[in-house]
Amino acid sequence: MSEKILIVDDDLDTLKLVGLMLQRQGYEIVAANGGEQGLEKAVSDQPDLILLDVMMPDMDGYEVTRRLRGDPALAHIPIIMFTAKTLVDDKVAGFEAGADDYLTKPTHPAELTAHVKAVLARAG
């Protein structure tokens, strides 16, 4: 059975592009276009990994991460923040919120896949 990845991003092009790329690598993809929907899908779909944007209009990725980490049923799911926010302070905020990894956009598909594989291997 393939691992399930929840992609949470308000940019539909990113959802489609990253989703398609990861599907080609054999992963099952679930998509959400905002923080609230991402939390709902985390509950309903119980993904093996969450790829999470930071800048979203309804709820930023830091808050989504804090809520996931605060829920005993979801706290175990690894989170990769995948964002255009490149400052050290942004990365620190991501790790302090509970992210397992932090990757900046744009990124090479091979790098994204390597990060996904590494985080899933550590979580497994």
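# Tour from R69

Select R69: with a relative accessible area of 24%, R69 is partly exposed (buried is under 20%, exposed over 50%, partly exposed in between, with a 1.4 Å probe and protein chains only). The model is predicted, so local features need pLDDT of at least 70 and side-chain atom pairs pLDDT 80 or more, while totals for chains, interfaces and linings use all residues. Residues are numbered from 1 along each chain as its sequence is written, and side-chain values use heavy atoms, leaving out hydrogens and water.

Add D100, which forms a salt bridge with R69, the closest N and O atoms being 2.7 Å apart (a Lys or Arg side-chain nitrogen within 4 Å of an Asp or Glu carboxyl oxygen). This pair links distant parts of the chain, 31 residues apart: R69 lies in helix α3, and D100 in the loop between α4 (88-97) and β5 (101-104) (helices, H or I, at least four residues, and strands, E, at least two, are DSSP runs numbered from the N terminus). D100 is partly exposed at 36% relative accessibility. Elsewhere, shared salt-bridge partners join E36, E63, R66 and R67 into one network.

Select E63 next. Its side chain meets R66 in a salt bridge (3.4 Å, N to O), and E63 also pairs with R67, with closest N and O atoms 2.9 Å apart. R67 and E63 are separated by about one helical turn because they are four residues apart in helix α3. The structure holds seven salt bridges.

Now show the largest nonpolar core, which has 21 residues (buried Ala, Val, Leu, Ile, Met, Phe, Trp, Tyr and Cys joined through side-chain atoms within 4.5 Å). Helix α3 gives the most to this core, with three residues.

Finish at G26, in the loop between α1 and β2 (28-32). The C-alpha atoms of G26 and K4 are separated by 9.5 Å.
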